Amino acid sequence: MSGEARTDVEAVEAANAALYDAVERGDLDALAENWLHDEVSVVHPGWPVLTGRDEVLRSYALIMANTEYIQFFLTDVEVSVAGDTALVTCTENILSGGPAEEDGSAGPLVGGLVVATNVFRRAEDGRWRVWAHHGSPVLVEEDDDGDGDDEGIDGVDGEGGTVL
């Protein structure tokens with residue numbers, strides 16, 4: 001692998017990490033900085049395809065507004081760069097929590113697995129920015145009663161909880 005290619009892979013890895021970091025911090029401005037300004041799209045698990053920068057950023061604003069806590073543990077990260085386009089595939093191991101309970105205590109934390117594809121393009125300023133994100137829930141076998149016959153979509157409780 002050439003030095004330039006390695007530098008591009010590292011830059012894409014950093015851009016990918018910055019995307020998830022912005023969501024974890026609930027920082028919509030930082031998130032917006034990570035996306036291209038035109039022709040972008042996103043597919044959140046269970047959502048239709050959203051296209052256009054305004055629609056994509058609005059979707060993240062809604063998720064952030066309704067998620068009190070979220071943390072991503074990325075595994076199986078693979079980066080491929082071809083010219084000014086890069087592809088990142090990974091598994092998002094997500095830990096999230098909703099709004100606080102009525103008594104002020106922390107809301108329940110739930111976990112989920114999503115496989116994600118993030119497509120980056122090198123922008124005119126040389127930075128790698130997200131062109132498209134697609135997340136699909138992972139089918140996880142559940143074993144609530146010990147027989148192992150239940151299958152959940154989100155790896156939480158089979159109830160289809162919200163994951164990114």
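Contact here means heavy atoms within 4.5 Å. Keep that cut-off in mind as you move through this predicted model.

**Stop 1: confidence colouring**

Start by colouring the chain by pLDDT. The average is 85, and 80% of the residues score at least 70. Now select residues 146-163, where pLDDT stays under 50. For this stretch the model has 39 contacts beyond four places in sequence, so treat this selection simply as a display of where the score is low, because pLDDT is the predictor's confidence in each residue.

**Stop 2: the nonpolar core**

Next, show the side chains of V23, L31, W35, Y60 and F120. These residues have the most contacts inside the largest nonpolar core, a set of 30 residues. Which elements give two or more residues to this core? They are the helices and strands α1 (3-25), α2 (28-33), α3 (53-65), β3 (69-82), β4 (85-97), β5 (109-122) and β6 (128-137). The largest share, 6 residues, comes from α1. As background, nonpolar side chains in soluble globular proteins tend to be buried together.

**Stop 3: along α1 and past its end**

Stay with α1 and select D21 and R25. The two form a salt bridge, with their closest N and O atoms 2.8 Å apart. They can be picked out easily along the helix: being 4 residues apart in α1, they are separated by about one helical turn. D21 is partly exposed, at a relative accessible area of 33%.

Now step to G26, in the loop between α1 and α2. G26 is partly exposed too, with a relative accessible area of 44%. Add T67 to the selection and draw a distance between the C-alpha atoms: G26 and T67 are 41 residues apart along the chain, and 8.8 Å separates these atoms.

**Stop 4: the loop between α2 and β1**

Select N34, which lies in the loop between α2 and β1 (41-43). Is N34 buried or exposed? It is buried, with a relative accessible area of 6%. Show what surrounds N34: leaving aside neighbours within four places in sequence, it is in contact with A15, A18, L19, A22, R127, R129 and V130.

In the loop between α2 and β1 you will also find D38. Its side chain meets that of R121 in a salt bridge at 3.5 Å, N to O. R121 sits in strand β5, so this pair ties together parts that are 83 residues apart in sequence. D38 counts as partly exposed, at 36% relative accessibility.

**Stop 5: a salt-bridge network**

The structure holds 8 salt bridges. For a linked group of them, select E33, D125, R127 and R129, which are joined in a network. Zoom in on D125 and R129, whose closest N and O atoms are 3.0 Å apart in their salt bridge. The two partners differ in accessibility: D125 is partly exposed, with a relative accessible area of 48%, whereas R129 counts as buried at 9%. R129 is also one of the contacts of N34 from the previous stop.

**Stop 6: the β3 and β4 hairpin**

Finish by switching to cartoon view and selecting β3 and β4. These strands run antiparallel and are joined by 12 bridges. To follow one pairing, pick Y69, whose bridge partner in β4 is G97. Then move to the turn of the hairpin, where 2 residues lie between the strands. Select G83 in that turn and check its backbone: the phi angle is positive, about 65°.

How values were computed: Residues numbered from 1 in each chain as written. Heavy atoms only, no water. pLDDT = per-residue confidence, 0-100. Core = buried A, V, L, I, M, F, W, Y, C linked by side-chain atoms within 4.5 Å. Buried < 20%, exposed > 50% of the residue type's maximum accessible area, 1.4 Å probe, protein only. Salt bridge = Lys/Arg side-chain N within 4 Å of Asp/Glu carboxyl O. Pairing = 2+ DSSP bridges.
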